[in-house]
Amino acid sequence: IAARTLGDLVRKLGEKILPEIIPILEDGLRSDKSDERQGVCIGLSEIMKSTSKDAVLVFSESLVPTVRKALCDPLEEVREAAAKTFEQLHATIGHQALDDILPTLLKQLDDKETAEFALDGLKQVMAVKSRSVLPYLVPKELCSCQTVILSVEDEAGQRIIIEDLLEATRGADPGLRQAAITILNAYFARTRLDYSAHIRTLLSGLIRLLNDSNPEVLSQSWDTINSITKKLDASSQLALIDDLHRDIKAVAPDVKGQHLPGFCLPKKGVTCILSVLREGVLTGSPEQKEEAAKALGGVIRLTSPEALRPSYVLYVIPAVSLHQVGIGLKPFLPQLQTTFLKALQDSSRAVRLRAAEALGQLVSIHAKVDPLFTEQLSAIRNAEDSGVRWVYILT
């Protein structure tokens, strides 16, 4: 109530009384009583709401240090109130508030005595003004920004980080995209928070980045995807099959018939998403198996033969990869033959037809096909499902 009254006073009497008010508030921030320091921040917010931009700029030499000091106050309640004061300051004078306050807070992260308070002050500022603060921090202070983001321990803060950093990766500035994905990579490699609710959005944005022109963005995006997928259990992997297939189809037109750069990185290839698709092919429902097989086909069309060869994706690939890689698959014939013969008995007709097509391709590089035909004849005699027998005959 006192703060609102102070705001009304400034509004009615004009900015000429500010020289009398500001020193009183500055003195209040030096008080030993935390509630007085908190009240100073609330009062400053109300004053700035009631004052013009020009007046705030005139008194910025007094206002800015006061806000900076309050953001590093030892008491959390004071820092929270100071963040709201910063929010109002930014609303009044814009980008200058960032330049005047954030660099000093970042420097205080290196001081053992103030680091804890400065870090929380930055967190409080991000909580109220993330849309402005995060794009400012990302390109200027990469290490410090990582420190701030990794300190976030609540779901609301996590959501802000993910949304804002993904938005930054869609920008035209390659430096900003690189900084944003670097921070995302560090975050998902080290955070202990549960981010399962954001995985679908994340993978969609990250797979799009696998077509970026910046090699560092490609590498960091691949590593981030890998950090996410390697922590998923089987049920979570299966739940992603449809979305992953959609994302792969969505990126294909942007490649324009060429290979996706992120799938062709040396010693990395497609293994960042392979575990998800492999789980779908091997243990999913008939529908999931079909989706996973189609997704694998799309992945392989976007991947160079050189990038495919060292990958164990060859154990579960559909016929398209056999046609693409050809004789290079010869060392894997036993595993491929077993996989495709098993798939011929799958309950899904689409999966059986793909397996039949794959075995047809396999014959072209098979040195000894007689045992394969013998095994198929035996399977035809023993199959109870007429649909399964028909696929064996078709093969």
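**Exercise 1. Burial of Ile-273**

Decide whether Ile-273 is buried or exposed in this predicted model.

*Solution.* Start with the relative accessibility of Ile-273, which is 1%. The cut-off for buried is under 20%. Ile-273 therefore counts as buried. Next, place the residue: Ile-273 lies in helix α16, residues 271-283.

**Exercise 2. Surroundings of Ile-273**

Find which residues Ile-273 touches, not counting those up to four places away in sequence.

*Solution.* Apply the contact limit, heavy atoms within 4.5 Å. The list for Ile-273 is Ile-225, Leu-244, Ile-248, Phe-263 and Val-299. Now check the backbone. Asn-226 is 47 residues from Ile-273 along the chain, and their C-alpha atoms are 7.1 Å apart.

**Exercise 3. Nonpolar cores**

State which residues touch the most other members of the largest nonpolar core.

*Solution.* This core has 97 residues. Leu-102, Leu-165 and Ile-273 touch the most other members. Then ask which helix gives the most to the core. Helix α8, residues 115-140, does so with 10 residues. Finally, look for a separate core. A second one has 9 residues, including Leu-344 and Ala-355.

**Exercise 4. Two cysteines**

Classify Cys-264 and Cys-272 by accessibility, then count the disulfides.

*Solution.* Cys-264 has 24% relative accessibility, so it counts as partly exposed. Cys-272 has a relative accessible area of 0%, so it is buried. The disulfide test asks for cysteine sulfur atoms within 2.5 Å. The count is 0.

**Exercise 5. The annotated repeat**

Describe the chain over residues 63-100.

*Solution.* An unreviewed UniProt entry places "repeat: HEAT" here, at residues 63-100. The stretch is 87% helix and 0% strand. Its end C-alpha atoms are 10 Å apart.

Note on methods. Residues numbered from 1 in each chain as written. Predicted model: local features only at pLDDT ≥ 70, side-chain atom pairs only at ≥ 80, totals over all residues. Heavy atoms only, no water. UniProt positions renumbered as here; feature names shortened; annotations may be inferred. Helix = DSSP H or I, 4+ residues; strand = E, 2+ residues; numbered from the N terminus. Buried < 20%, exposed > 50% of the residue type's maximum accessible area, 1.4 Å probe, protein only. Core = buried A, V, L, I, M, F, W, Y, C linked by side-chain atoms within 4.5 Å.
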